[in-house]
Amino acid sequence: MVMSKVLTISGQKGGSGKSVTAVNLAACLSLYEKKTLLIDCDPQGSTTEWSGIKAMGYPFNLSSVLSGKATIIQAIVKTDFHYLDMLPAGFDLFEVALKLAGTVSNEKILRLLLEDIEQEYDYIIIDAPSSYGFLSVAALTAADWLVIAMSTRHNAVEDFHCLLKLIKYIRHTHKNFLKIASILFNRCKTDAEIDQFLADQNLSEIKDLICPTFIPEDEAVKNAIDKKIPLVLYDIKSPASSAYLRFAKEMVLVFK
Ligand SMILES: Nc1ncnc2c1ncn2[C@@H]1O[C@H](COP(=O)(O)OP(=O)(O)OP(=O)(O)O)[C@@H](O)[C@H]1O
Ligand SMILES: [Mg+2]
């Protein structure tokens, strides 16, 4: 029986590259013939938009599932990639989340829903929203592993320590094994830039968790977003595509 690895993409607030990473990690894993499910857990719907499925249309989304209007199996849609399925989201997720928030047991809802389909996938990748609200707690509670997207453009210390507190809360409240699989730097130019950033931010202790690959700043990322397709479909030879393919391979090796 195949048991999937559930990885939530979390990280700094506002624009560190969580959604770009969720879409492109999922697309690259599927290119390696890993059966992957990409879940958008953010009412912004960036992952849904950039995965290319919007053009294909779909009857249900994550809020339909959370509000009991559809089963998770009914809401999962196929993508242009043979090994990649998606559970989309839209702004209506915001209202459903408001209704579910405030009851601690509801924070496990996504994790419980995934039990029905976990065996179907090698990887389940969840894009978490930035805020520390119900949806980010639900997205982290659903996961066994976290990938933290970081950018040297933002101050990291406060965000990182808030995230550690959130991980502690989830481990304690929901008794789940939630570990940091990797910290992925995005929009960087060199390894030296990352080292300098960690020193400046007093974060040298997290060095062992930093992924050997970083994602470079690359116009192709923005162009793929404009075209609303994953980067590897837009330009598989672009520097950021190569980096995401390398990163996905590193993730496969981590979970071998
Ligand atoms: N490697 C990159 N090269 C160039 N631009 C990038 C790169 N990564 C991200 N961006 C730009 O940064 C923007 C923000 O990225 P993204 O939406 O993935 O961040 P996020 O962490 O998900 O943000 P939010 O907190 O709003 O959910 C993208 O729309 C894109 O324009
Ligand atoms: Mg995002």
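**Notebook: sheet, core, α7 and ligand shell**

I began with the sheet, which is open and holds eight strands in the order β3-β4-β2-β5-β1-β6-β7-β8, with mixed pairing; strands pair here if DSSP finds at least two bridges between them. At its edges I found β3 (77–78) and β8 (215–216), each of which pairs on one side only.

I noted that this is a predicted model, in which local features need pLDDT of at least 70 and side-chain atom pairs count only at pLDDT 80 or more, while totals for chains, interfaces and linings use all residues. Residues are numbered from 1 along each chain as its sequence is written, and chains are lettered from A and ligands numbered from 1 in the order in which they are written.

Next I counted the secondary structure of the chain, which comes to twelve helices and eight strands, taken as DSSP runs numbered from the N terminus (helices H or I, at least four residues; strands E, at least two). The radius of gyration, taken over C-alpha atoms, is 17 Å, close to the 18 Å from the globule rule for 256 residues (2.2 Å times the number of residues to the power 0.38), so the chain is as compact as a globular protein of that length. I also looked up the span of the C-alpha trace along its principal axes, which is about 50 × 40 × 35 Å.

Returning to the strands, I saw that β3 and β4 form a hairpin with five residues between them and pair in the antiparallel sense over two bridges, where Lys78 stands opposite Asp85 in β4. Strand β2 (residues 36–40) pairs with β4 in the parallel sense over four bridges, and Leu37 has Asp85 as its bridge partner. From β4 (residues 84–87), Leu84 and Met86 point one way and Asp85 and Leu87 the other, and all are buried, meaning that 20 or more other C-beta atoms, placed from the backbone, lie within 10 Å of a residue's own. I then checked β1 and β6, which run parallel and are joined by five bridges; Ser10 has Ile148 in β6 as its bridge partner.

For the interior, I looked up the largest nonpolar core, which has 75 residues; such a core is a set of buried Ala, Val, Leu, Ile, Met, Phe, Trp, Tyr and Cys residues joined through C-beta atoms within 7 Å. The helix α1 gives the most to this core, with eight residues. Ile126, one of the residues with the most contacts inside the core, touches Val6, Thr8, Ile9, Ile39, Cys41, Ala139, Ala142 and Ala143, not counting residues up to four places away in sequence, a contact being two C-beta atoms within 7 Å.

Helix α7 (residues 134–141) came next: eight of its eight residues are buried, so it is largely enclosed by the rest of the structure. Its buried residues pack against β1 (5–11), α5, α6, β5 (123–127), β6 (145–151) and α8 (157–174).

I also looked at Glu107, which lies in the loop between α5 (92–100) and α6 (109–114) and counts as buried because it has 22 C-beta neighbours inside 10 Å. Leaving aside neighbours within four places in sequence, Glu107 is in contact with Val137, Ala138, Thr141 and His174.

Last, I listed the 23 residues that surround ligand 1, the closest being Lys18, Ser19, Val20, Ser130 and Val221; a residue belongs here if its C-beta atom lies within 6 Å of the molecule. At least two shell residues come from each of α1 (18–31), β7 (179–188) and α10 (219–227).

Conventions
Buried ≥ 20, exposed ≤ 12 C-beta atoms within 10 Å, placed from the backbone.
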